[in-house]
Amino acid sequence: MIIYGDNLIRICFESLLKIVLKNHSISDYTINRMNLKNIDNDLLVSSDMIFFAGGGLFGLSYLNFYQYLDRITQIANEHHILVIFSSMGVNNMDITSETEDKLVNILKRKCIKAVSVREYEGLFCKYAADTSLEINSVCDPACWSEYIYHFDAISSKKL
């Protein structure tokens, strides 16, 4: 499996994922990390699942993340690799009908199996209207930072 997301979100998501896998007695897995903008075709096609761990990756902005999501999900779709979008956000600075259409088409791909969002649930529901996807709101994985990094132990030392 491959996990995408900014570092804090990715680290928190990965830690939570490991707990879930352990709780389900799943121990035979490998987690690979790949830079969103440096798509490794071989790594993608050798994966059985791709997680987008959250953040503004559905960026309708100058960052153009949707272009990378489009390419990655095209590859996943061609190779029947499951894709899960977790706690996604939208950076809607330069929204155009072209970028909206790209996001709608990404969500229509058969490889997309689940989508949860951290913001703009109504907008994502609109984008997924022609799919069977159920859009749910969740917190950003970084909300778990306190537990992942044990901030309670650090703060008790009165830095």
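Student: What does R71 touch, leaving out residues up to four places away in sequence?
Tutor: In this predicted model, R71 touches I39 and E78. A touch counts as a contact because heavy atoms lie within 4.5 Å.

Student: Where is R71, and why is it called partly exposed?
Tutor: R71 sits in helix α3. Its relative accessibility is 34%. Buried needs under 20% and exposed needs over 50%, with partly exposed in between, so R71 at 34% counts as partly exposed.

Student: How many residues separate R71 from I106 in sequence, and what is the distance in space?
Tutor: The two are 35 residues apart in sequence and 9.3 Å apart in space, C-alpha to C-alpha.

Student: What makes I72, also in α3, buried?
Tutor: Its relative accessibility is 0%. The cut-off for buried is under 20%, so I72 at 0% counts as buried. I72 and I39 are 33 residues apart in sequence, and their C-alpha atoms are 7.4 Å apart in space.

Student: Which other residues of α3 are buried?
Tutor: Besides I72, the buried residues of α3 are F65, Y66, L69, D70, T73, I75 and A76.

Student: How do you know what span α3 should have, and what does the model give?
Tutor: α3 runs over residues 65–78. Its 14 residues, at 1.5 Å a residue, should span 20 Å, and the end C-alpha atoms are 20 Å apart, so the two values agree. Just after α3, H80 takes a positive phi of about 55°.

Student: What does the corresponding check give for α1?
Tutor: Helix α1 covers residues 7–23, which is 17 residues. From first C-alpha to last, α1 reaches 24 Å, close to the 24 Å expected at 1.5 Å a residue. Its buried residues are I9, R10, C12, F13, E14, L17 and L21.

Student: What is notable about the phi of S25?
Tutor: Phi of S25 is near 55°, a positive value in a residue other than glycine. S25 comes just after α1, in the loop between α1 and β2 (32–33).

Student: Why is S25 called exposed?
Tutor: The relative accessible area of S25 is 66%. Exposed means over 50%, so S25 at 66% falls in that class.

Student: Which values describe S87, and is it buried or exposed?
Tutor: S87 has a positive phi of about 45° although it is not a glycine. The residue lies in strand β4. Its relative accessibility is 1%, and buried means under 20%, so S87 counts as buried.

Student: Which residues line the second largest pocket?
Tutor: The lining consists of F13, L16, L17, V20, S86, S87, S116, V138, C139, D140, P141 and W144. The volume of this pocket is about 170 Å³.

Student: Which element supplies the largest share of that lining?
Tutor: That element is α1, with 4 residues. α1 and β4 (82–88) each supply at least two residues.

Student: What makes up the lining by residue type?
Tutor: The lining divides into 8 nonpolar, 3 polar and 1 charged. Asp counts as charged, so D140 in the lining belongs to that group.

Student: Where is W144, and why is it called partly exposed?
Tutor: W144 is in the loop between β6 (135–137) and α6 (145–148). Its relative accessibility is 38%. Partly exposed lies between the 20% and 50% cut-offs, so W144 at 38% is placed there.

Student: What is W144 in contact with, leaving aside neighbours within four places in sequence?
Tutor: W144 is in contact with C12, L16 and C139. W144 and L16 are 128 residues apart along the chain, yet their C-alpha atoms are separated by 8.6 Å.

Student: What share of the contacts in the protein joins residues 24 or more positions apart?
Tutor: Such residues account for 73% of the contacts with a separation of 6 or more.

Student: What percentage of the protein is buried, and what area does it expose?
Tutor: Buried residues make up 41% of the 159 residues. The protein exposes about 8,900 Å², and carbon and sulfur atoms supply 50% of it.

Student: How many helices and strands are there, and in what order?
Tutor: There are 7 helices and 6 strands. From the N terminus on, the elements run β-α-β-α-β-α-β-α-β-α-β-α-α.

Note on methods:
Residues numbered from 1 in each chain as written. Predicted model: local features only at pLDDT ≥ 70, side-chain atom pairs only at ≥ 80, totals over all residues. Heavy atoms only, no water. Expected span 1.5 Å × (residues − 1). Buried < 20%, exposed > 50% of the residue type's maximum accessible area, 1.4 Å probe, protein only. Areas by Shrake-Rupley, 256 points an atom, 1.4 Å probe, with all protein chains shown as cover. 1 Å grid on protein atoms, 1.4 Å probe; cavity = no way out; pocket = protein on both sides within 12 Å on 5 of 7 lines; lining within 4 Å. Points joined across faces, edges and corners; volume = space filled by probe spheres on them.
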